[in-house]
Amino acid sequence: MRDLRLFEGCPAPARPPPGSKNRESEARDTIGLVTDVTLSSKNPTAVKAEALVVATAQTSDGVAVVSDLLPTDLLTQLETLAPQLGVTGARDEVRRIPAGSKLAADVLVLTGLGERAEDGTFTTETLRRAAGAATRELAGLKSAAIALPASDDAEITAVTEGALLGAYAFNRYRSTGKDAGKDAKNGKDPVAALEILTPLHKNAKAKVAAERAEIVAAAVHAARDLVNTAPNELYPATFADAAKAAAKDVKQVKVTVLDDKQLASGGYGGLTAVGQGSTRGPRLVKVAYTPAKPAAKVALVGKGITFDSGGISIKPAAGMEAMKSDMAGAAAVLSTVVAAAKLNLPVAVTGYLCLAENMPGGNAQRPADVITIYGGKTVEVLNTDAEGRIVMADGLVSAVEDGHDVVLDIATLTGAQMVALGTRTSAVMGTDEVRDEVKAAADATGELFWPMPLPEELKSNIKSKVADVANSGPRWGGMLNAGLFLKTFVGDHPWAHLDIAGPAFNEGGAHGYTPGGGTGVGVRTLLSFLEGRASATK
Ligand code: BES
Ligand code: MN
Ligand code: ZN
C-alpha cells in the first residue's frame, strides 16, 4: 500500500533508551497511518483474523445483531444472551467475547449503533463512530475484520474512515522499559491490518472510496500528531520544518516560509508583536497546492500558536498545558492542503499558517501597545491573551491580497466558543453563503459545526479609544467579538471563520473515533468544502 505518512520529517521523536525493546518499532512510530486496509468480500464466518467486528443495535424488544451473514443460531444465541453479556446495542458500547467454534476469528467484537433512524437505516456518521469505537479497542492486535454495513460507497467511506480514525495512538514519548505497556490502553500500537468486508470489494468506486478514506484519515492523524507534540519540540521554526517535510514528496505543493526578520521588515505587525515575547520567533508559512487548470481558488488561514501562556495577560496555571493545542487550526490547514494534493482535487488551495509562541518574555508586547497589522490597520492590544485574532489578522489580509475566490480561517480562538456550544460542536461565522456552505460541508462528513451570527451592533464592543480596533471587549458574546474583529480584516470578501476551541483538543475520555488529546477536527470539513467547490464548478 502507498505510504501515506505525512510528517516523516517532523521534529525527531524522543528516542527510546538504547537496547530497549521498542526500538525497532521506532520507524512505525513516525507520524502517519500504521494500519493497512484492504477491502474483501469474504464471509465473516470464514475470515481468519484475531478479531471480527460486528454491529449491534437497540430495538423495541432488545438487541439485534446487524448481520445477514452470521449463522442464524449464533445470531439467536447472541441476541438471547445479550442481557447476560451486558450488551445493549447502545452507541459507543463495545464488548469482546470469544468467537466460539462457528467463526474462524478468535474474538468477536460487538460495537453498538444505537437505534435505527426513522427510515430504518443508520446514518453514515453512526457507522463511522461505531467502526472507530471498535478499532480503539483493537489496539495491540495484528489483524481484524470489520463486518459493518458497507453496501455502497458512502457506507464504505464511513466504515473505513471511522475504523482508521479510531486506529490512532500517540506513543512517541513513552519510554519502553520493563513496565511499559502494562496499562492495557497506553503504549500499544493501533491494529496492524484491517479487512473491511463488503460485497463491493472489486467495485472501482468502492476502491476509490477506501483510498480516499485512507488519505483523509492520514491527514487527520497528522493534524492530531502535531497537536499532541510537546511545545518544547513544536514551535514556529520546527512547525515550518514539519510543513516542508509534509509537502516534500507531494506533487504541485510548494512551501514558503517568512521568518521573524522577514515578517518584521514586511510589515506583519501582528505575528511580530505576538511572537516577540518568546525567544523562538514567529513564522508565516504558505503551503500552496496548485493543480493545472484549477476550478476554484481557496485560501485557508490557520491559527498556529504553538503555546499560549497568555503573554503578559498571563493565564492561570491550572489547565495551561492544554494550550499546546492552540495551533490546531494551522495543523488542520497543513493537513488539508497536503490531502487535497494527494486526492488530486481540481482546486487551488493555499494554506497560511500563522505561527507564533505567546510568551511573557522581557520583550513581550504589553496591554496598551498599539500595533500595525499587515496592510496598515492599527490594533490596540488590551489583552495579550487575545493573541490569536492578532496573528490571524496578518494571515487574513495576506490571503485577501493574494486574490482567492474564498477565504476560510480556522482557529482555537475563544473560550467563549465552549461556553456557547460545548466541547464537541464547533462554530462557523462569516458571509452568509460561505458560512452555510461550510455548515453543509461539515454535515456531509459528520463533523459537528453550528452557524453563529456576526451582529453589526456588537462592533462597538471592539472599538478602541486610540486605534482602528481593539483586540478585546466585554466578556459577553466573546466568540462573536472575535469573529467581528477578524471581519475587520477581510472586509466584504467571501469568507468564513471556524472557531474550534473546544473540539480541537479532547481533555476527557476517548469516544467513538475520537481519541483523547488532539482530535484533528476541521480537516474533514475543510476537505469536504474543497470537494464541493471542485464539483460545483466542473
Ligand atoms: N487560545 C485561547 C482560546 C482557548 C481557550 C482555546 C480555551 C481553547 C481552550 C485564546 O487565545 C484566548 O486566550 N482567548 C481569550 C480571549 C479573551 C482574552 C478576549 C479567551 O477566550 O478567554
Ligand atoms: Mn490566548
Ligand atoms: Zn490562543
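**A guided look at two metal ions and their neighbours**

Visitor: Why does K303 count as buried?

Guide: K303 has 2% relative accessibility. The label applies to anything under 20%, so K303 is called buried. Please keep in mind that this is a predicted model.

Visitor: What makes K303 a partner of the zinc ion (ligand 3)?

Guide: K303 coordinates the zinc ion (ligand 3) through its NZ atom, alongside D308 (OD), D326 (OD) and E387 (OE), at 2.0 to 2.4 Å. A donor must be an N, O or S atom within 2.8 Å of this metal, so these atoms qualify. Along the chain, the zinc donors follow the spacing K-x4-D-x17-D-x60-E.

Visitor: Why is the site of the zinc ion (ligand 3) called octahedral?

Guide: The zinc ion (ligand 3) has 6 donor atoms, with angles of 78 to 175 degrees among them. Six donors count as octahedral if opposite ones are over 155 degrees apart and all others lie between 65 and 115, and the zinc site is therefore classed as octahedral. For comparison, ideal angles for six octahedral donors are 90 or 180 degrees.

Visitor: Which residues coordinate the manganese ion (ligand 2), and how do you know that they are donors?

Guide: The manganese ion (ligand 2) is held by D308 (OD), D385 (O), D385 (OD) and E387 (OE), at 2.1 to 2.2 Å. With the limit at 2.8 Å, these atoms therefore count as donors. The spacing of the manganese donor residues in sequence is D-x76-D-x1-E.

Visitor: Why is the site of the manganese ion (ligand 2) called irregular?

Guide: The manganese ion (ligand 2) also has 6 donor atoms, and the angles among them run from 73 to 170 degrees. To be octahedral, six donors need opposite ones over 155 degrees apart and all others between 65 and 115; anything else is irregular, and that is why the manganese site has this label.

Visitor: What makes D308 a bridge?

Guide: D308 coordinates both the zinc ion (ligand 3) and the manganese ion (ligand 2), and the two ions are 3.2 Å apart. The site also joins distant parts of the chain: D308 is in strand 10 (residues 297–308), while E387 is in the loop between strand 13 (378–380) and helix 10 (388–401), 79 residues apart.

Visitor: Are D308 and E387 buried or exposed?

Guide: D308 has 3% relative accessibility, and E387 has a relative accessible area of 1%. The cut-off is under 20%, so D308 is buried, and so is E387.

Visitor: How do you know that K315, D326 and D385 make polar contacts with ligand 1?

Guide: The distances tell us. An N or O atom in the side chain of K315 is 2.8 Å from an oxygen atom of ligand 1. For D326, a side-chain N or O atom is 2.9 Å from a nitrogen atom of ligand 1. A polar side-chain atom of D385 is 2.8 Å from an oxygen atom of ligand 1. A polar contact needs N or O atoms within 3.5 Å, so these pairs qualify. The protein covers 77% of the 520 Å² of accessible area that ligand 1 has on its own.

Visitor: What makes up the shell around ligand 1?

Guide: There are 17 residues around ligand 1, and the closest are K315, D326, D385, E387 and G415. By class, the shell has 5 nonpolar, 5 polar and 7 charged residues. Strand 10 and helix 11 (415–421) each supply at least two of its residues.

Visitor: Why is E115 called exposed?

Guide: E115, in strand 5 (residues 107–115), has 61% relative accessibility. Exposed means over 50%, so E115 earns the word.

Visitor: Why is R280 called partly exposed?

Guide: R280 lies in the loop between helix 8 (269–275) and strand 9. Its relative accessibility is 22%. Buried needs under 20% and exposed needs over 50%, so R280 falls in between.

Visitor: Where is T229, and why does T229 count as buried?

Guide: T229 is in the loop between helix 5 (204–228) and helix 6 (236–247). At 1% relative accessibility, T229 is under the 20% cut-off and is therefore buried. The T229 side chain also reaches the backbone oxygen of D225 at 2.6 Å.

How values were computed. Residues numbered from 1 in each chain as written. Chains lettered and ligands numbered in written order. Predicted model: local features only at pLDDT ≥ 70, side-chain atom pairs only at ≥ 80, totals over all residues. Heavy atoms only, no water. Tetrahedral: all angles 85-135°; square planar, octahedral: opposite > 155°, others 65-115°. Helix = DSSP H or I, 4+ residues; strand = E, 2+ residues; numbered from the N terminus. Buried < 20%, exposed > 50% of the residue type's maximum accessible area, 1.4 Å probe, protein only. Near = heavy atom within 4 Å. Polar contact = N/O pair within 3.5 Å; in protein donor to acceptor, adjacent residues only side chain to side chain. Areas by Shrake-Rupley, 256 points an atom, 1.4 Å probe, with all protein chains shown as cover. Nonpolar A, V, L, I, M, F, W, Y, C, P; charged D, E, K, R; others polar.
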